[in-house]
Amino acid sequence: MVDRDGYRPNVGIILCNWKNEVFWGKRVKEHSWQFPQGGIKAGETPEAAMYRELREEVGLSPEHVKILGRTRDWLRYDVPDRWLRRDWRSHYRGQKQIWFLLRLLGRDCDVCLRASEKPEFDAWRWNDYWVPMDSVIEFKREVYRRALEELARYLRRNSHRRHYSPREAQREASEASVLQRG
């Protein structure tokens, strides 16, 4: 599904732990690291796509996370021609993304990179919130920078909880689970 301007709707996920470090996934059989992301299917909301991608790429369910914020508008990037299949070049320019900032309420051991038949990542790590942009593929750097800058305010807003403990995160996860079932 590509819009009339040539952009495919997509979601990006910045998942942070209780120390405000972010999840960084290594693409299968590559030496590149990135945030989880994926396309929005026809009829799907950005939030529903985010939860689906979170499950497929990271193995986490809604009860494992709390949404802290999302970008107000679409952030776009163009994919260089050399990265495009020849038959896409006439109508596809790149992706437009809504980014979500999530807090992990579960534990590191809840992450499962083999939750889908075709895993996106074969390794992962926690990284400083301000990911070194030179480790991001060049054509995505500006979108990553803009998403991190816009969403950082949600971490500052909760600065009194900046380093909340794993026990507090587990309590929040339990409360969120009860709310979702109720």
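**Close-up views of the predicted chain**

**His64 is a buried residue, since its relative accessibility is 17%.** Here buried stands for a relative accessible area under 20%, exposed for one over 50%, and partly exposed for values in between, computed with a 1.4 Å probe on protein chains only. The model is predicted, so that local features need pLDDT of at least 70 and side-chain atom pairs count only at pLDDT 80 or more, while totals for chains, interfaces and linings use all residues. Residues are numbered from 1 along each chain as its sequence is written, and side-chain values use heavy atoms, with hydrogens and water left out. His64 sits in the loop between H1 and strand S5 (65-70), where helices (H or I, at least four residues) and strands (E, at least two) are DSSP runs numbered from the N terminus. Once its neighbours within four places in sequence are set aside, His64 has contacts with Arg103, Leu104, Leu105, Gly106 and Asp110, a contact being heavy atoms within 4.5 Å.

**The whole chain holds three helices and eight strands.** Followed along the sequence, these elements give the pattern β-β-β-β-α-β-β-β-β-α-α. Of the 182 residues in the protein chain, 47% are buried. Among contacts with a separation of 6 or more, 74% are between residues 24 or more positions apart.

**The largest pocket contains about 970 Å³ of space.** A pocket is an open set of points, on a 1 Å grid over the protein atoms alone, where a 1.4 Å probe fits and protein lies on both sides within 12 Å along at least five of seven lines; its lining residues have an atom within 4 Å of a point. Grid points are joined across faces, edges and corners, and the volume is the space filled by probe spheres set on the points. The lining of the largest pocket is made of 31 residues, and Arg8, Arg27, Gln37, Gln95 and Glu120 are those that lie nearest its centre. Two or more lining residues come from each of strand S1 (7-16), strand S3 (33-34), strand S4 (37-39) and helix H1 (46-58), and H1 gives the most, with four residues. By type, the lining comprises eleven nonpolar, eight polar and twelve charged residues, where Ala, Val, Leu, Ile, Met, Phe, Trp, Tyr, Cys and Pro count as nonpolar, Asp, Glu, Lys and Arg as charged, and the others, Gly among them, as polar.

**The largest nonpolar core has 26 residues, and the members that touch the most others are Ile14, Phe35, Trp99, Leu101 and Tyr129.** Such a core is a set of buried Ala, Val, Leu, Ile, Met, Phe, Trp, Tyr and Cys residues joined through side-chain atoms within 4.5 Å. At least two residues of this core are supplied by each of S1, strand S2 (22-27), strand S6 (75-78), strand S7 (94-104) and helix H2 (141-157), and H2 accounts for the largest share, eight residues. Apart from this core lies another, of 20 residues, which includes Ala49, Met50, Val65 and Phe100.

**Tyr129 touches Asn20, which belongs to the loop between S1 and S2.** Leaving out residues up to four places away in sequence, Tyr129 also touches Ile14, Val22, Leu101, Ala147, Leu148, Leu151, Ala152 and Leu155. Asn20 is buried because its relative accessible area is 4%, and although Asn20 is not a glycine, its phi is positive, at about 65°. Asn20 and Asp128 are 108 residues apart along the chain, yet their C-alpha atoms are separated by 7.5 Å.

**Two loop residues, Lys29 and Asp73, are both exposed.** Lys29, in the loop between S2 and S3, has a relative accessible area of 78%, and its phi near 55° is a positive value in a residue other than glycine. Asp73, in the loop between S5 and S6, counts as exposed because its relative accessible area is 55%. Aside from neighbours within four places in sequence, Asp73 contacts Gln97 and Ile98, and its C-alpha atom is separated by 9.3 Å from that of Lys96, 23 residues away along the chain.

**The cysteines Cys16 and Cys109 have opposite settings, one buried and the other exposed.** Cys16 is buried because its relative accessibility is 0%, whereas Cys109 is exposed because its relative accessibility is 57%. With a disulfide taken as a pair of cysteine sulfur atoms within 2.5 Å, the count comes to zero.
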